[in-house]
Amino acid sequence: MKEDGTVYYLAQALCDKVLGEDNYEVQETYVGTDLEYKEYEPLFPFTTPAKKAYFVTCADYVTLTDGTGVVHIAPAFGEDDSQVGRRYDLPFLQLVDSKGEMTEETPWAGTFCKKADPLVLEDLKSRGLLFSAPQFEHSYPHCWRCDTPLIYYARESWFIKMTDVKEDLIRNNNTINWIPESIGKGRFGDWLENVQDWGISRNRYWGTPLNVWECECGHMHSIGSIAELKEMSDNCPENIELHRPFIDAVTIKCPHCGKEMHRVPEVIDCWFDSGAMPFAQHHYPFENQELFKQQFPANFISEAVDQTRGWFYSLLAISTLIFNEAPYKNVIVLGHVQDENGQKMSKSKGNAVDPFDALSTFGADAIRWYFYVNSAPWLPNRFHGKAVTEGQRKFMGTLWNTYAFFVLYANIDEFDAAKYSLEYDKLPVMDKWLLSKMNTLIQTVDENLGNYKIPEAARALQEFVDDMSNWYVRRSRERFWAKGMEQDKINAYMTLYTALVNVCKAAAPMIPFMTEDIYQNLVRNIDKTAPESIHLCDFPVADAAQIDKDLEANMDEVLKIVVMGRACRNTANIKNRQPIGNMFVKARFELPEFFVDIIREELNTKKVTFTDDVRNFTSYSFKPQLKTVGPKYGKLLGGIRQALPQLDGNAAMDELNGNGSIKLDINGTEVVLLEEDLLIETAQTEGYVSEQDNEITVVLDTNLTPELIEEGFVRELISKVQTMRKEAGFEVTDRVVVYAKDNQKIEKILEEHREEIKSEVLANDIVTGSANGYVKEWNINGETVTMGVEKV
């Protein structure tokens with residue numbers, strides 16, 4: 001130092017920061033290894049080590065971000081320091097006792113070590129040995145219970161030398177099917193590549209006692225069984241309790257010196273107990289040898305991702321040591337549950353969800369279903385009530401409503417599925433479609449679960465239930481309303497019954513309570529010989545003979561067209577109850593008449609016309625996609641902008657579909673525009689609305705004749721009466737009288753379509769000019785009318 005000539009050793013890169021610019025002169029420079037083994041005078045002479053202790057060592061974890069580039073080490077209080085101490089054969093100095101208090105050798109005996117910090121600094125300062133003691137913030141471990149500071153503390157421990165079986169661990173791990181594979185090869189595989197010896201002992205009172213007895217002569221013996229302990233001990237009770245303090249009272253005679261041997265005070269790491277589970281649960285090898293062999297290795301285990309260093313590891317470690325094979329064949333790793341903002345749940349943050357509150361609010365099935373369908377199991381899951389409720393509504397609510405529909409009409413008709421059989425050859429196309437979808441579902445779920453694809457299985461179930469409810473049941477409702485018990489009605493009942501029972505069996509592992517409830521009513525209620533619980537049933541087996549892929553494909557096309565047709569209606573603001581005259585479909589396929597009829601009925605159109613050309617109803621306009629066309633053609637962009645609107649839209653679209661591009665001549669230069677270079681808009685012809693999706697175009701004729709408008713009124717009137725029946729609390733079988741007044745146009749329509757309306761709403765009569773019973777005013781297509789319904 002320029003001021004007083006003091007010489008300091010520190011990292012050259014930190015001189016300005018530590019000493020101050022222009023306050024020093026560099027006398028000599030060294031690399032770290034130049035100073036290695038150079039001795040120094042210790043700051044405190046509390047102990048006199050038996051071997052050389054105070055010299056410079058080198059390590060690669062010293063950084064230049066803080067401090068001086070020179071650090072002190074305490075091998076008894078840190079893993080990195082401990083490794084350096086072993087490498088340099090430093091003596092073991094520990095001036096803090098097991099309570100965390102300074103020992104008798106120091107002037108601060110009995111003081112908690114963290115509270116001794118300022119006392120140590122004061123002592124150093126008083127002796128002129130303190131250069132600086134700046135305060136800085138850094139991460140430090142604290143007890144998660146009482147939030148007090150912790151220290152790393154070296155103590156004598158028992159270890160299992162896992163480093164000796166490292167290659168066996170890696171080899172056995174490679175036989176396991178990890179889901180996802182990245183955990184097994186990555187996080188867990190890396191852990192095994194860097195495996196450390198396992199500190200097996202704990203200095204606690206409660207736990208599995210370490211089964212080692214030692215003698216003061218130094219001899220040690222590990223007891224392998226109760227029988228061996230009784231054989232070697234003179235004071236072991238017949239019914240020995242193997243936990244402390246009872247086991248500590250049992251002594252054995254030393255075979256070397258004849259003195260008493262006592263059990264060592266340590267207990268075993270509880271993870272050893274967990275890892276020993278496969279054989280310990282059966283008291284193997286002392287009994288149940290055959291049962292153990294049947295169940296080992298396990299087909300499947302599952303736990304959270306943090307168990308890569310916990311249960312997953314302890315199971316593999318012990319199994320490798322004892323049997324030299326993997327203890328499980330498949331392991332599915334789970335991600336952690338987070339709050340709705342993606343934050344780790346914590347009581348201190350106030351964002352933790354009490355599982356019992358959640359179970360009480362949503363139910364176990366809904367919570368289970370959310371985790372199954374939301375994302376891959378190994379990814380973190382954000383848990384919040386809205387998401388659980390949404391999943392509950394989309395799947396469980398739909399399944400329950402479909403089941404409730406079946407039960408309602410089965411009870412009305414006193415239908416007993418046990419008295420009928422499903423006669424496949426007599427089934428109409430709609431029933432065969434549902435059974436085909438059901439058997440495809442069973443195959444899909446079985447295959448996905450077999451490959452641990454949980455979300456895929458759950459989503460397949462959800463899609464099927466949606467199809468069953470919102471397509472099959474909606475399309476088949478009138479069959480359940482029919483009078484008597486004709487074959488078509490039996491077919492509908494048996495098809496829906498079969499689908500409900502089988503989807504419940506397939507979904508039972510995921511939503512065990514709801515499926516059990518449905519099973520008990522649908523199956524056990526009519527067949528006491530059936531398995532007592534759905535969870536005792538075999539998983540359903542797909543009937544390949546009932547799978548018709550062409551039928552499923554045709555119905556998929558129908559659904560696409562119907563969705564597009566509904567979108568056209570929405571665009572034209574025409575309700576589905578208003579009939580339309582015609583709908584045109586351009587597609588690369590044609591459908592059998594049965595499927596065309598479904599489209600016609602679903603979209604309430606008089607005709608569905610498949611055509612190869614919809615040019616009379618629609619055209620296309622084009623603009624350049626600037627982010628792709630600009631870099632390609634630069635100065636020609638203005639010309640391209642002018643040329644595209646001048647194209648014949650339909651001809652240009654044909655060129656694009658046929659060649660994959662549109663060619664333009666811009667000032668003598670050929671320009672080739674691909675689909676990604678174009679912004680394409682569909683132009684509508686007045687009186688028509690169209691929708692396009694890939695190779696399908698749907699065009700709706702929105703021109704309404706007086707006859708179509710009147711039919712729309714009839715549909716609206718039927719809907720309003722049905723709504724009033726429900727609001728009045730009538731049963732579905734109740735007969736009623738319908739009333740209408742205060743609108744001559746509506747009254748006339750009711751009179752002209754009397755029989756049709758009476759049949760649809762279960763009315764004995766329609767009375768105009770008055771309103772009795774449950775009365776309500778409606779606005780129907782701009783016409784105000786007062787209506788009433790009265791139970792007969």
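Buried means under 20% relative accessible area, exposed means over 50%, and partly exposed covers what falls in between. Keep that in hand for the exercises below, and remember that the structure is a predicted model.

**Exercise 1. Is Glu602 buried or exposed, and which residue does Glu602 pair with in a salt bridge?**

Step 1. Start with the cover. Glu602 has a relative accessible area of 5%, so Glu602 is buried.

Step 2. Now look for the partner. Glu602 forms a salt bridge with Arg475, and their closest N and O atoms are 3.3 Å apart.

Step 3. Place both ends. Glu602 sits in helix H19 (residues 593-602) and Arg475 in helix H15 (residues 454-481), so this pair ties together parts that are 127 residues apart in sequence.

Step 4. Recall the general idea: side chains of opposite charge can pair when their charged atoms come close.

**Exercise 2. Where do Lys758 and Glu755 lie, and which of the two words, buried or exposed, fits Lys758 and which fits Glu755?**

Step 1. Find them on the chain. Both Lys758 and Glu755 belong to helix H25 (residues 754-761), three residues apart, which is about one turn of the helix.

Step 2. Check the pairing. A salt bridge links Lys758 with Glu755, with 3.7 Å between the closest N and O atoms.

Step 3. Compare with the cut-offs. Lys758 has 17% relative accessibility and counts as buried, while Glu755 has 54% and counts as exposed.

Step 4. Widen the view. Salt bridges that share partners join Arg474, Arg475, Arg566, Glu601 and Glu602 into one network. Across the whole structure, a search finds 34 salt bridges.

Step 5. Try one more pair. Arg244 bridges to Asp248, with the closest N and O atoms 2.8 Å apart. Here Arg244 is buried at 17% relative accessibility, and Asp248 is partly exposed at 25%.

**Exercise 3. How many disulfides does the structure hold, and why is there no bond from Cys215 to its closest cysteine sulfur?**

Step 1. Get the count: the structure holds zero disulfides.

Step 2. Set the cut-off. A disulfide needs a pair of cysteine sulfur atoms within 2.5 Å.

Step 3. Test Cys215. Its closest cysteine sulfur is in Cys257, 3.3 Å away, so that is too far for a bond.

Step 4. Test Cys504. The closest cysteine sulfur, in Cys537, is 11 Å off, again too far for a bond.

Step 5. Add the surroundings. Cys215 is buried at 6% relative accessible area, and Cys504 is buried at 1%.

**Exercise 4. Which residues does Asp431 contact, apart from its neighbours within four places in sequence?**

Step 1. Locate Asp431: look in helix H14 (residues 429-450).

Step 2. Check its cover. Asp431 has 0% relative accessibility, so it counts as buried.

Step 3. List the contacts. Setting those sequence neighbours aside, Asp431 touches Tyr472, Arg479, Asn491, Ala492 and Thr495.

Step 4. Do likewise for Val84, found in helix H2 (residues 79-87). Val84 is buried at 2% relative accessibility. Leaving out neighbours within four places in sequence, Val84 is in contact with Thr57, Ala59, Tyr61 and Ile73.

**Exercise 5. Which residue does a cis peptide bond join to Pro180, and where is Asp22?**

Step 1. Begin with the background: most residues other than glycine have a negative phi, and most peptide bonds are trans.

Step 2. Look at Pro180. A cis peptide bond joins Ile179 to Pro180, with omega about 5°. Pro180 is in the loop between strand E2 (177-179) and helix H5 (181-193).

Step 3. Look at Pro297. Phe296 and Pro297 are also joined by a cis peptide bond, with omega about -5°. Pro297 lies in the loop between helix H9 (289-295) and strand E10 (298-304).

Step 4. Turn to phi. Asp22 has a positive phi, near 65°, and is not a glycine. You'll find Asp22 in the loop between H1 and H2, exposed at 62% relative accessible area.

Step 5. Finish with Asn781, which is not a glycine either and has a positive phi of about 50°. Asn781 sits in the loop between strand E24 (774-780) and strand E25 (783-791), and at 40% relative accessibility Asn781 counts as partly exposed.

Terms used. Residues numbered from 1 in each chain as written. Predicted model: local features only at pLDDT ≥ 70, side-chain atom pairs only at ≥ 80, totals over all residues. Heavy atoms only, no water. Helix = DSSP H or I, 4+ residues; strand = E, 2+ residues; numbered from the N terminus. Buried < 20%, exposed > 50% of the residue type's maximum accessible area, 1.4 Å probe, protein only. Contact = heavy atoms within 4.5 Å. Salt bridge = Lys/Arg side-chain N within 4 Å of Asp/Glu carboxyl O.
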